[in-house]
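Hello,

Here is the structure I promised to pass on to you. Have a look at it first, and then read on for my notes.

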Amino acid sequence: MTRVPRVFVVDKYPLFRAGIRSTLESITSLDFVGEAGTGEDAFRELGRLEPAADVVLVGLQPPDRSGIDVARRLSAVTEPGYPGSRVLVISSNEDDEAVVAALRAGAYGYLVRWMDRDELLRAIDTVAAGGAVFSPMVADRLRTYFSAVHDLPSRMAFPALTDREREILDLLARGHDNRRIARALVLSEKTVRNHVSKVFMKLQVSKRAEAAVRARDAGLGI
C-alpha cells in the first residue's frame, strides 16, 4: 500500500497555520504531522519525526526571509535528519526576486496564499512525488523573468539594435527569409527589408550568413 504524503507547516502567523492545519486535517489522502512558527522550532520538530515529513509548507512573507533560510537548510544535501523533505513555499509575495530566491534555496514549488483547497492538494501530491509546481500567476512571472534573462546577452552584444531589429535578427538567425519574418511579425516585406538593412549596417556585415553567425554567438537564433 502506498504511503500517503506526510506534511509539515512552517509559518510565523498562528492564524494562517490554523487555517492550513484545518484544511490538511480534512484531507484523508495526506497526513498532517505538525507545525512550527519559527525555523528553529521547525527543525527541532522535524528532527523528531519518524518517518520524515515528505513535504514542508513554508510561509514566506516580506520583509521576513526566514522562510528562504528554512528552504535552504531543508534542501541542503548535508543537512542530517530530514531525508526526503521537499519544500513548497506559500507566499503573498509574487515578485521575481522572492520566487527566484525560493528556487535557488531548493524549493520544489511556489504558491500564492489565496490558492484554493484543490490547488493546494494537487501541489502537495506533485511535490511529494518529486515534481515541481507553481501557481499560474507565478509561472507567468517566471516565464517573463527567464525570457528577459535570455535576452540580456543579446542586448549587451548589440546595444545599438532596437527591440524590433533584435527580434528580426533572431528570426534571421533561425534561417527565416524576409517573407517568413514578415508573416511571423505581421509586417510587410518592405518593412522587414528596411529593418534587415539597418541591422546589417549596425552590425557592419553585408550578408545574412554573417549576421546569423554574429547573432548565434550572442545567443540569438537558438
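Below are my notes on the cores, one strand residue, one helix and the salt bridges.

Please keep in mind that this is a predicted model.

Let me start with the inside. The largest nonpolar core has 25 residues, and F8, L46 and V56 are the ones with the most contacts inside it. Two or more residues of this core come from each of strand 1 (6-10), strand 2, helix 2 (39-48), strand 3 (55-60), helix 3 (66-75), strand 4 (86-91) and helix 4 (96-104). If you would like one residue to click on, try V56: leaving out residues up to four places away in sequence, V56 touches F8, V10, L46, L74, S85, R86, V87 and L88. A second core, of 21 residues, lies apart from that one, and I168, V196, V199 and A211 are among its members. As background, nonpolar side chains in soluble globular proteins tend to be buried together.

Next, a look at G109, which sits in strand 5 (residues 109-112). Is G109 buried or exposed? G109 counts as buried because its relative accessibility is 1%, and the cut-off for buried is under 20%. Beyond its neighbours within four places in sequence, G109 is in contact with V87, L88, V89, V133 and F134. Of these partners, F134 is 25 residues from G109 in sequence, yet their C-alpha atoms are 5.3 Å apart in space.

Helix 10 (residues 208-217) is worth a turn on the screen. Which of its residues are buried? They are A211, A212 and A215. Viewed down the axis of helix 10, these buried residues fall within an arc of 100 degrees, so they line one face of the helix. The general background is that an α-helix has 3.6 residues a turn, so residues three or four places apart point the same way. The buried residues of helix 10 pack against helix 7 and helix 9, while the face turned away from the buried side carries the exposed residues A209 and D217. Just after helix 10 comes G219, with a positive phi of about 100 degrees.

Now for the charged pairs. How many salt bridges does the structure hold? There are 12, and I picked out a few for you.

- R21 and E35 meet through their side chains, at 2.4 Å from N to O. This pair links distant parts of the chain, with R21 in helix 1 (residues 14-25) and E35 in strand 2 (residues 31-36), 14 residues apart. R21 is partly exposed at 28% relative accessibility, and E35 is partly exposed at 24%. Both belong to a network of salt bridges that links R17, R21 and E35.
- K202 and E165 form a salt bridge whose closest N and O atoms are 2.8 Å apart. K202 lies in helix 9 (residues 189-203) and E165 in helix 7 (residues 163-173), so the pair ties together parts 37 residues apart in sequence. K202 is partly exposed, with a relative accessible area of 32%, whereas E165 is buried, at 3%.
- R179 and E189 form a salt bridge at 3.5 Å, N to O. Here R179 is in helix 8 (residues 178-185) and E189 in helix 9, 10 residues apart. R179 is exposed, with a relative accessible area of 52%, and E189 is partly exposed at 32%.

Enjoy exploring, and write back with any questions.

Best wishes

Conventions
Residues are numbered from 1 along each chain as its sequence is written. This is a predicted model: local features need pLDDT of at least 70, side-chain atom pairs count only at pLDDT 80 or more; totals for chains, interfaces and linings use all residues. Side-chain values use heavy atoms; hydrogens and water are left out. A salt bridge is a side-chain nitrogen of Lys or Arg within 4 Å of a carboxyl oxygen of Asp or Glu. Helices (H or I, at least four residues) and strands (E, at least two) are DSSP runs, numbered from the N terminus. Buried means under 20% relative accessible area, exposed over 50%, partly exposed in between (1.4 Å probe, protein chains only). Contact means heavy atoms within 4.5 Å. A nonpolar core is a set of buried Ala, Val, Leu, Ile, Met, Phe, Trp, Tyr and Cys residues joined through side-chain atoms within 4.5 Å. The arc is that of the directions from the helix axis to the C-beta atoms.
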